[in-house]
Amino acid sequence: MPIFQKTSQPDHSVDFANLPRHVAIIMDGNGRWAKKRGLPRTAGHAAGAETFRTIATYCKEIGLDYLTVYAFSTENWKRPQDEVNAIMGLLKKYLLESIEKMERDRVKMAFFGDLSPLTPELRALCQRTQEISKNYEGCQVNICLNYGGRDEITRAVRGIAADWLKEGRDPASITEQDITSRLFSAGVPDPDLIIRPSGEIRTSNFLLWQSAYSEYYFTDVLWPDFTKEELIKAIGAFQKRSRRFGGV
Ligand code: IPE
Ligand code: IPE
Ligand code: MG
């Protein structure tokens with residue numbers, strides 16, 4: 001009898017009573033998904049938006065407290081204008097549909113990032129989405145839009161400098177909490193688990209401050225192909241890790 005039995009199925013069992021409190025996802029791989037199918041990149045973004053809806057609803061269903069997704073980075077403006085326009089168009093469509101289904105889905109939504117370069121119409125839709133859903137219980141979904149970790153920290157530092165100048169305080173009294181409380185994520189616990197699909201092994205400027213002790217999970221699956229089962233697989237892997245936070 002072999003001591004170890006090889007099974008074709010890895011163990012994806014998850015303890016639903018001990019879920020990570022906050023899961024964050026870098027929704028990457030839309031373009032490659034489309035290319036593989038001979039479709040324009042935009043088709044990948046449309047498929048990715050559907051995956052997001054499915055995963056967000058599922059997170060609420062299983063009882064996650066927070067889901068944060070990277071939708072558009074401060075660097076993504078470098079892309080061809082047509083692609084940026086298409087992404088913004090899809091965002092508008094997504095928000096309009098979400099507002100329509102809001103009373104049914106009851107997912108609380110927030111936005112991380114500087115929304116000022118968005119069109120007034122899109123900005124208003126983001127605000128409305130946030131406003132309507134602000135009292136919903138259960139999972140809070142944070143959408144990172146024109147978000148960059150460095151930009152977020154820079155803004156926090158500017159805020160501290162301005163306040164300190166006014167108040168004439170000693171710079172030596174600045175604490176980590178002074179930074180944390182000025183981030184877009186103020187009040188939201190740090191992500192326990194950060195998932196990056198699409199095979200890239202980098203953070204691409206996502207939640208730089210908040211990820212100090214996050215567990216990372218990388219998979220080759222492209223975002224539009226990401227499923228509830230993939231999420232469960234990631235949570236299962238997370239639950240087997242030993243988090244020490246610098247201790248023993
Ligand atoms: C992620 O997918 C979506 C955004 C960055 C807006 P990509 O568009 O980066 O897809 P790939 O990485 O090119 O496949
Ligand atoms: C990160 O993906 C940003 C989002 C998923 C929104 P990118 O595709 O922009 O990252 P890089 O360029 O591969 O690092
Ligand atoms: Mg990409």
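**Exercise 1.** Is Arg196 buried or exposed, judged by relative accessibility?

*Solution.* Work from the predicted model.
Step 1: locate the residue. Arg196 sits in strand β5, which spans residues 193–196.
Step 2: take the value. Arg196 has 5% relative accessibility.
Step 3: apply the cut-off. Buried means under 20% relative accessible area, so Arg196 counts as buried at 5%.

**Exercise 2.** Find the polar partners of the Arg196 side chain, then its wider contacts.

*Solution.* Step 1: start with Asp28. Its side chain makes a polar contact of 2.7 Å with the side chain of Arg196.
Step 2: turn to Ser204. Here the two side chains, Arg196 and Ser204, are joined by a polar contact of 2.8 Å.
Step 3: widen the search, leaving aside neighbours within four places in sequence. Arg196 is then in contact with Ile26, Asp28, Arg202, Thr203, Ser204, Tyr217, Phe218 and Thr219.

**Exercise 3.** Describe the largest pocket by volume, lining and class.

*Solution.* Step 1: volume. The largest pocket holds about 700 Å³ of space.
Step 2: lining. It has 31 lining residues; Met27, Asn30, Tyr70, Ala71 and Phe72 lie nearest the centre.
Step 3: elements. At least two lining residues come from each of α1 (30–36), α2 (41–62), β2 (66–73), α3 (81–105) and β4 (140–147).
Step 4: class. The lining has 15 nonpolar, 8 polar and 8 charged residues.

**Exercise 4.** Do the same for the second largest pocket.

*Solution.* Step 1: its volume is about 160 Å³.
Step 2: 13 residues line the second largest pocket, and Asp190, Trp209, Gln210, Ala212 and Tyr213 are the closest to its centre.
Step 3: this lining divides into 5 nonpolar, 4 polar and 4 charged residues.

How values were computed
Residues are numbered from 1 along each chain as its sequence is written. Chains are lettered from A and ligands numbered from 1 in the order in which they are written. This is a predicted model: local features need pLDDT of at least 70, side-chain atom pairs count only at pLDDT 80 or more; totals for chains, interfaces and linings use all residues. Side-chain values use heavy atoms; hydrogens and water are left out. On a 1 Å grid over the protein atoms alone, a cavity is a set of points where a 1.4 Å probe fits but cannot get out, and a pocket is an open set with protein on both sides within 12 Å along at least five of seven lines; lining residues have an atom within 4 Å of a point. Grid points are joined across faces, edges and corners, and a volume is the space filled by probe spheres set on the points. Helices (H or I, at least four residues) and strands (E, at least two) are DSSP runs, numbered from the N terminus. Ala, Val, Leu, Ile, Met, Phe, Trp, Tyr, Cys and Pro count as nonpolar, Asp, Glu, Lys and Arg as charged, and the others, Gly among them, as polar. Buried means under 20% relative accessible area, exposed over 50%, partly exposed in between (1.4 Å probe, protein chains only). A polar contact is a pair of N or O atoms within 3.5 Å; within protein, one must be able to donate a hydrogen and the other to accept it, and residues adjacent in sequence count only if both atoms are side-chain atoms. Contact means heavy atoms within 4.5 Å.
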